[in-house]
Amino acid sequence: MTTLTASPGTGERKARGNSPGAPRRRRSGRLRRIGLPYLLLLPALLLELLVHLVPMVIGVVVSFRELTQFYIRDWSTAPWAGFDNYSLAVDFSAPVGEALLKSFVTTCLFTLFSVGLCWLLGAAAAIFMQESFRGRGFLRTLFLVPYALPVYAAVITWAFMFQRDNGLINHVLHDQLGLTGSPPFWLIGDNSFVALLVVSVWKGWPFAFLIIMAGLQNIPREVYEAAALDGAGIWQQIRRITLPSLRPVNQVLVLVLFLWTFNDFNTPFVLFGEAAPESADLISLHIYQSSFQTWNFGTGSAMSVLLLLFLLVVTGAYLLLTSRGRKATDA
């Protein structure tokens, strides 16, 4: 007859496991595991609050005050203006509102051309790079150089190249090719819009190329091979396979390019300085001039809030339309 004996400490461990404090310890351990990710995100959230949200709230408050250079030492003592700054900004029959409307239209046209060209060049280069050939890796690296360069260094270089008398652009177009009767001005007058567009597309299309090239990696090569066996040409493959497969990527890419381009301040500021020509007066630089050159920070803040509301409305409408289109396609 075999006698089973419990090992020493078994009853003691069972007693500890059934003690009232065990569920509490398990619960506290579960809370620590759940709360750890939020604790790790806390520094980033605090930094986001300090860098973005706090200045945004202050800007909204300033937009309701008559903040000028006389109250810059203590902006909280500026008189309350209510919606007068907003009324002044949207009064398109007055000089301030008319100038803002012209800047808004210029920015819309600039964004339309810049985003369209960036996407077109990025998509063409990404599709071209899908085929294997000698030197493909070098070309990929070369295409990403404008995206990797610091913005200020790149735009300053373009500003030197756009100089009328000793710039590289006029040297090639006028001196070498003879395409112009006289060296044109690129940084003043109507040509400034073209110069700004060239710089914006040059530094923006590599991002589109990078995103679209990454999206193309998710399309199986067997689909193209089957389409080729069925007699589909390169354009039919792009239209029927590539573009529909890239639709989710393109939706996000176009939205990001739109927000970046519409809010771009560094490019026109470095290229033209504090006073941009009228044909290249983007709204971001126009708001800066309205605030820091006329010292009317209340009106400038009101313009910034209106710009923020416009971008929020456009973004919300774009996401709503794209989500509906995606649901209709899935159905």
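The following exercises, each with a worked solution, concern a predicted model of a single chain.

Residues are numbered from 1 along the chain as its sequence is written. Local features require pLDDT of at least 70 and side-chain atom pairs pLDDT 80 or more, while totals for chains, interfaces and linings use all residues, and side-chain values rest on heavy atoms, with hydrogens and water left out.

**Exercise 1. Overall architecture**

Determine how many helices and strands the chain holds, and what share of its residues is buried.

Solution.
- Step 1. Helices (H or I, at least four residues) and strands (E, at least two) are taken as DSSP runs and numbered from the N terminus.
- Step 2. On this basis the chain has 15 helices and zero strands.
- Step 3. Relative accessible area is classed as buried under 20%, exposed over 50% and partly exposed in between (1.4 Å probe, protein chains only).
- Step 4. Of the 331 residues, 35% count as buried.
- Step 5. Contact means heavy atoms within 4.5 Å. Among contacts between residues at least 6 apart in sequence, 64% join residues at least 24 apart.

**Exercise 2. The largest pocket**

Describe the volume of the largest pocket, its lining and the elements that supply that lining.

Solution.
- Step 1. The search uses a 1 Å grid over the protein atoms alone: a pocket is an open set of points with protein on both sides within 12 Å along at least five of seven lines, whereas a cavity is a set where a 1.4 Å probe fits but cannot get out. Lining residues have an atom within 4 Å of a point.
- Step 2. Points are joined across faces, edges and corners, and the volume is the space filled by probe spheres set on them. For the largest pocket this is about 710 Å³.
- Step 3. The lining comprises 24 residues, with P55, M56, I287, S304 and V305 nearest the centre.
- Step 4. Two or more lining residues come from each of helix 2 (21–62), helix 14 (283–292) and helix 15. Helix 15 gives the largest share, eight residues.
- Step 5. For classes, Ala, Val, Leu, Ile, Met, Phe, Trp, Tyr, Cys and Pro count as nonpolar, Asp, Glu, Lys and Arg as charged, and the others, Gly among them, as polar. The lining then has 16 nonpolar, eight polar and no charged residues.

**Exercise 3. The second largest pocket**

Describe the second largest pocket by volume, lining and residue class.

Solution.
- Step 1. Its volume is about 360 Å³.
- Step 2. Its lining is formed by 18 residues, of which V151, K203, G204, W260 and D264 lie nearest the centre.
- Step 3. The elements that each contribute two or more of these residues are helix 4 (95–128), helix 6 (145–148), helix 7 (151–161), helix 9 (191–216) and helix 12 (247–262).
- Step 4. By class, ten are nonpolar, six polar and two charged.

**Exercise 4. Residues of helix 14 and the loop that follows**

Classify S291, Q289 and W295 by accessibility, and give the location of each.

Solution.
- Step 1. S291 belongs to helix 14 and is buried because its relative accessibility is 7%. Residues up to four places away aside, S291 touches N296, F297, G300 and S301.
- Step 2. Q289 also lies in helix 14, and its relative accessible area of 14% makes it buried. With the same exclusion, Q289 touches E274, A275, A276, D281 and T294.
- Step 3. W295 sits in the loop between helix 14 and helix 15. Its relative accessible area of 40% places W295 in the partly exposed class.
- Step 4. The phi of W295 is near 60°, a positive value in a residue other than glycine. Most residues other than glycine have a negative phi.

**Exercise 5. A buried and an exposed position**

Compare A302 with F160, and identify a residue remote in sequence for each.

Solution.
- Step 1. A302 is in helix 15 (residues 297–330) and is buried, because its relative accessible area is 0%.
- Step 2. Beyond its neighbours within four places in sequence, A302 contacts S63, N85 and Y86. S87 is 215 residues from A302 in sequence, and the two are 9.2 Å apart, C-alpha to C-alpha.
- Step 3. F160 is in helix 7 and is exposed, because its relative accessible area is 58%.
- Step 4. F160 and L271 are separated by 111 residues in sequence and by 9.3 Å in space, C-alpha to C-alpha.
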